[in-house]
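Colleague: Hey, have you got a minute to walk me through this structure? I'd like to get a feel for how to read it.

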Amino acid sequence: MGQWVVTVCAIAILSVMCDVILPEGQTRKYVRTVFGVIVTLVMIKPIISFVAPALDVVGGDYTEIKIQQNYIDNVTRKKYEAAAASAKARLKADGIDVKEIRLDEKSESVTVYLNTAQNEQTAVSVRKTMSAYFSKLEIIIYWK
């Protein structure tokens with residue numbers, strides 16, 4: 001209620017200041033009309049909110065909008081898991097035996113555990129494939 005009174009007073013003061021500053025003419029008439037409509041809407045807002053909350057088009061209570069961080073984290077985790085499964089299948093199709101792929105969201109890294117012997121060509125192939133799936137994460141490779 002107190003905020004409503006302050007809003008009405010502020011708009012009234014702004015209206016008077018504009019009325020004093022503006023010269024006589026068409027512009028002054030339009031400005032008075034606009035401020036009259038604004039003051040009217042602000043004055044009847046509490047009545048509209050009380051009588052029909054669904055019709056409250058001037059303002060509203062948006063406190064019910066919340067970021068559902070658990071949902072966002074779950075979707076991100078599922079996306080990474082699906083990408084890891086696809087990457088593992090792709091590496092297997094390329095003849096690289098992958099033991100496990102671990103994602104660490106906190107350190108923003110993905111670790112690939114291979115069952116094959118250390119080989120530069122294999123490392124390049126693994127990095128290339130993993131970069132296609134996890135372009136923003138650091139890629140760490142551990143050998144057998």
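Modeller: Sure, let's go through the sheet, a helix beside it, some charged pairs and a surface patch. Keep in mind that this is a predicted model.

Colleague: Okay, sheet first. How many strands are there, and in what order?

Modeller: There are 3 strands in an open sheet, ordered 1-2-3, and the pairing is mixed. Strand 1 (98–104) and strand 3 (138–142) sit at the edges; each has a single partner strand, so one side of each has no neighbour in the sheet. From one strand to the next, the twist averages 15°.

Colleague: In what sense do strand 1 and strand 2 pair?

Modeller: Antiparallel, over 6 bridges, with strand 2 covering residues 109–114. If you want a spot to click on, Ile101 stands opposite Val112 in strand 2.

Colleague: And what holds strands together in general?

Modeller: Backbone hydrogen bonds pair the strands of a sheet, in either a parallel or an antiparallel way.

Colleague: Which strands does helix 4 touch?

Modeller: Helix 4 packs on the sheet and touches strand 1, strand 2 and strand 3. The helix direction makes about 145° with that of strand 3. One residue to look at there is Thr122, since helix 4 runs over residues 120–133 and includes Thr122.

Colleague: Is Thr122 buried or exposed?

Modeller: Buried: the relative accessible area of Thr122 is 15%, and the cut-off for buried is under 20%.

Colleague: So what is Thr122 in contact with?

Modeller: If you skip the neighbours within four places in sequence, Thr122 is in contact with Ile96, Leu114, Thr116 and Trp143.

Colleague: Switching topic: charges. How many salt bridges does the structure hold?

Modeller: It holds 5 salt bridges. Some of them join up, with Asp19, Glu24, Arg28 and Arg32 linked in a network.

Colleague: Why would side chains like that pair up at all?

Modeller: Side chains with opposite charges can pair when their charged atoms come close.

Colleague: Makes sense. Which partners does Asp19 have?

Modeller: One is Arg28, where the closest N and O atoms are 2.9 Å apart. Another is Arg32, also joined to Asp19 by a salt bridge, at 2.9 Å from N to O. That Asp19 and Arg32 pair links distant parts of the chain: Asp19 is in helix 1 (residues 2–21) and Arg32 in helix 2, 13 residues apart.

Colleague: Where does Glu24 come into the network?

Modeller: Through Arg28: the side chains of Glu24 and Arg28 form a salt bridge at 2.6 Å, N to O.

Colleague: How buried or exposed are these four?

Modeller: It's a mix. Arg28 counts as buried at 14% relative accessibility, while Asp19 is partly exposed at 22%. Arg32 is exposed, with 51%, and Glu24 is exposed too, with 69%.

Colleague: Last thing, which residues make the nonpolar surface patch?

Modeller: Val37, Leu41, Met43, Ile44, Ile47, Phe50 and Val51 make it, and the patch is about 700 Å². Met43, for one, lies in helix 2, which spans residues 26–51, and counts as partly exposed at 39% relative accessibility.

Conventions: Residues are numbered from 1 along each chain as its sequence is written. This is a predicted model: local features need pLDDT of at least 70, side-chain atom pairs count only at pLDDT 80 or more; totals for chains, interfaces and linings use all residues. Side-chain values use heavy atoms; hydrogens and water are left out. Helices (H or I, at least four residues) and strands (E, at least two) are DSSP runs, numbered from the N terminus. Buried means under 20% relative accessible area, exposed over 50%, partly exposed in between (1.4 Å probe, protein chains only). Contact means heavy atoms within 4.5 Å. Two strands pair if DSSP finds at least two bridges between them. Axes are lines fitted to C-alpha atoms, for helices over the stretch in contact, and angles run from 0 to 180 degrees between N-to-C directions. Patches are made of residues with over 30% relative accessible area and no salt bridge: like charges are joined within 9 Å, nonpolar side chains (Val, Leu, Ile, Met, Phe, Trp, Tyr) within 5 Å. Accessible areas come from the Shrake-Rupley method with a 1.4 Å probe; for residues, only the protein chains shown count as cover. A salt bridge is a side-chain nitrogen of Lys or Arg within 4 Å of a carboxyl oxygen of Asp or Glu.
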